[in-house]
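Okay, thanks for coming, everyone. Let me put the structure up, and then I'll walk you through it piece by piece.

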Amino acid sequence: MKRDIQEEFPMVQIMGQNGEIIDKSYLNQIDQTLALQFYRQLICMRAFDQKAINLQRQGRIGTYPGFEGQEAAQVGSALALDEDDWMLPTYRDHAASITFGKSYTILSAWNGRVEGNLPPEGKNILPPSVPIATQLPLAAGIAMANKYKNSSQAVIAYFGDGATSEGDFHEGLNFASVFQAPVVFFNQNNQYAISTPIWKQMNSKTIAQKSIAYEIPGIRIDGNDIFAAYFETKKALERARNGEGPSLIEAVTWRYGAHTTADDPTKYRNQKEENEKHRQNDPITRLERFMKAHGFWDETVAEQLKEEVKEEIDGAVKGLETMPPADVNDIFDYMFEKPTWPIEQQKEEYINHLRGVR
Amino acid sequence: MISITKTKQLTLIQAITDGMRTMLNEKEEVVVLGEDVGKNGGVFRATDGLQEEFGEKRVFDTPLSESGIIGSSIGMAINGLLPVAEIQFLGFIYPAYEQIMTHATRMRYRTKGAFTVPLVIRAPYGAGVRAPEIHSDSMEALFTHMPGIKVVCPSNPHDAKGLLISAIEDPDPVLFLEPLRLYRAVRGDVPEEKYEIEIGKGKYLREGDDATVIAWGAMVPIAMKAAEQAAEKGITCDVIDLRTLYPIDKAIIAESVQKTGRCVVVHEAPATGGLGNDIISIVNDTSFLYMKSPIERVTGADVHVPFWALEEHNIPTPARVLDAIHKVINF
């Protein structure tokens, strides 16, 4: 008998495209406070992303990978975490790491500054993983250590659709499954790995179904439905904390923009047509529709939030642009706890060269 | 008061087991993992009895997945554990190369020390035991070239235990290379207690005036044999066991070649890009004007380890080392 994958892994929606609540069982868990918290963070992250792209256009930062369109998946999942949980983001997951870390220092990484990689005080946020899927075995290992220490901390690891073709995706999920490690593998299927569409990436119908191979829960959600992202991540984290092992979540979403500011998506897809279609499904518009339909919308509050968010982003940019200059010692000082003699010698020679010592 | 150090006669591999046992006893954070390291005690028996003694939580089998072993070990190390990961043969480490290069060696650097990776990777290396293909690689220079990882390689039981303990105590990643052809070839006195051999320090195994012979791991007995044969003809050599391949003990090399003025480097890895070249650079930087002749390298050719019917042809032999000694003297 042929199994019906789409029936086994339906796209979970709590909120429909028009903001209607499809799964009414969540209604008692969604109030105005929660909706407003989500809304504020979504518009804030979009403003951040747009600002970052503008900064790049103006030559004020370097290459930047935008995430516009993916805010609900990232913000919803990040808000589901406990304060001391672990997060392993990729280079496109700043909405997740800023939401969880409550800090904008990451922006400086795109201005060539190592400081952008540092976790905010007290936060277990690893620097963005640049090589694809390699963070997934790390996430399994961090979770294995949590289990070893009987810690209640859970782990969330982000990755894209292209990452599922890498060996480390499978090695990471297999390790987590074999050792029943408390980790949530949170996939954002934005349907493109640079120019390669998902149908050229895999012959499977879904990413969620890859969970079958590891005997772990696999859930496919509408990644532009912030309620689905939030509540399904919460459930997966709860399973992890209860000793029920890892989960795989596939959040189906869309990136409106380019892979990075160095990429031109018009070369590989009809941007206008595609984006018009996907704007109907925009994560922020959908939440707005929901709020209006449920009497949670207040035009004055919305305006206030917009202002508040603008100030916050301006503050982040100011923070970036008032950083003290990069310290040349950083080139040499963090390879080992104590530098080896070649590094000490190379540092001394170079610093003397800079000072004009001959 | 006189303290008497109790010792045991151990083979090199038993000393490695003893090093792990010592640290498993010493620190709750130490875990030993890898393919077949549990009940089986490792394919070479390096972890023999450790699972029985310390339980499955501390000493455990992993899936057959080198990138998974190293990747998850990096995660554990970031999160407070001290993993000692076994890669069954150095020639099997290549799937994990990306994990070592992009995460293990970089995490401290790219977070200014906010996250660190106190990880030990153990791997048997080298040819000479008639093993199947890929089981005999000696690609230490791939790792000494990588910034951010230390590489050590003992040649005897005493150093093996001490270096392994130092590697586990080290706050950064260490690759611990085990000369598999010496696993059971030598026995020696090994203290029962915990002791460390400082990473970055070589050792004189023999002292002489006419030439310096530098080797490590499985090449040490070969260098020693050549030096003995040279001595029979009245040529005396310093033989240095390098022990650490990154960072190399510059001082011991400079001290010795400034005395002898002649140098031979022995390694079984391919010549081009091999560590012999780094040793030549150290001599060049520290002792150029002391040298009486060009430095000779006795190494593998720029070829893969041959099928074992021919492997002896590509491993340095005492005769080849002796030829090189004569060459640096008769220059």
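So, to start: how far apart are the end C-alpha atoms of residues 10-185 of chain B, and how much of that span is helix and how much strand? The ends lie 11 Å apart, and the span is 36% helix and 17% strand. Before I go on, keep in mind that this is a predicted model. I picked that stretch since UniProt, in an unreviewed entry, puts "domain: Transketolase-like pyrimidine-binding" at residues 10-185 of chain B.

Chain A has a record of that kind too: an unreviewed UniProt entry gives "domain: Dehydrogenase E1 component" for residues 42-324 of chain A. For that span, the end C-alpha atoms are 30 Å apart, with 43% helix and 12% strand.

Staying with chain B, the domain assignment splits it into domain 1 (7-191) and domain 2 (203-329). Their centres, taken over C-alpha atoms, are separated by 26 Å. Domain 1 of chain B puts 25 residues into the contact, and domain 2 of chain B puts in 19. On the domain 1 side, α6 (140-144), β6 (150-152), α7 (157-169) and β7 (174-179) of chain B each supply at least two residues. By class, that side divides into 12 nonpolar, 6 polar and 7 charged residues.

Now, the two chains together. 33 residues of chain B are in contact with 34 residues of chain A. On the chain B side, α3 (66-78), α4 (97-104) and α5 (107-110) each supply at least two residues, and α3(B) gives the most, with 9. That side of chain B has 11 nonpolar, 15 polar and 7 charged residues.

Two of those chain B helices come back when you look at α5 of chain A, residues 135-148. Is α5(A) mostly covered or mostly open? Mostly covered: 12 of its 14 residues are buried, among them Leu136(A), Ile142(A) and Met144(A). The cover includes β2 (86-88), β4 (155-160), α6 (167-178) and β5 (183-189) of chain A, together with α3 and α4 of chain B. A quick geometry check for the chemists: at 1.5 Å a residue, its 14 residues should span 20 Å, and the end C-alpha atoms are 20 Å apart, so α5(A) agrees with that. Just after the helix, Asn150(A) takes a positive phi of about 55°.

On to the core. The largest nonpolar core has 192 residues, and Val183(A), Val213(B) and Ala223(B) touch the most other members. Take Val213(B): leaving aside neighbours within four places in sequence, its contacts include Ala223(B), Cys237(B), Val264(B) and Ile325(B).

Last, some backbone oddities to look at. Ile194(A) has a positive phi, near 45°, and is found in the loop between β6 (192-193) and β7 (196-197) of chain A. Is Ile194(A) buried or exposed? With 11 other C-beta atoms within 10 Å, Ile194(A) is exposed. Glu215(A) also isn't a glycine, and has a positive phi of about 50°. Glu215(A) lies in the loop between α7 (198-201) and β8 (218-222) of chain A, and counts as exposed because it has 10 C-beta neighbours inside 10 Å. Over in chain B, a cis peptide bond joins Tyr246(B) and Pro247(B), with omega about -5°. Pro247(B) is found in the loop between β12 (244-246) and α9 (250-260) of chain B.

Methods
Residues are numbered from 1 along each chain as its sequence is written. Chains are lettered from A and ligands numbered from 1 in the order in which they are written. This is a predicted model: local features need pLDDT of at least 70, side-chain atom pairs count only at pLDDT 80 or more; totals for chains, interfaces and linings use all residues. A nonpolar core is a set of buried Ala, Val, Leu, Ile, Met, Phe, Trp, Tyr and Cys residues joined through C-beta atoms within 7 Å. A residue is buried if 20 or more other C-beta atoms lie within 10 Å of its own, exposed if 12 or fewer, and partly exposed in between; C-beta atoms are placed from the backbone. Two residues are in contact if their C-beta atoms, placed from the backbone, lie within 7 Å. UniProt positions are given in the numbering used here, feature names are shortened, and annotations may be inferred rather than shown by experiment. Helices (H or I, at least four residues) and strands (E, at least two) are DSSP runs, numbered from the N terminus. Ala, Val, Leu, Ile, Met, Phe, Trp, Tyr, Cys and Pro count as nonpolar, Asp, Glu, Lys and Arg as charged, and the others, Gly among them, as polar. The expected span of a helix is 1.5 Å times one less than its number of residues. Domain bounds come from an automatic or database domain assignment.
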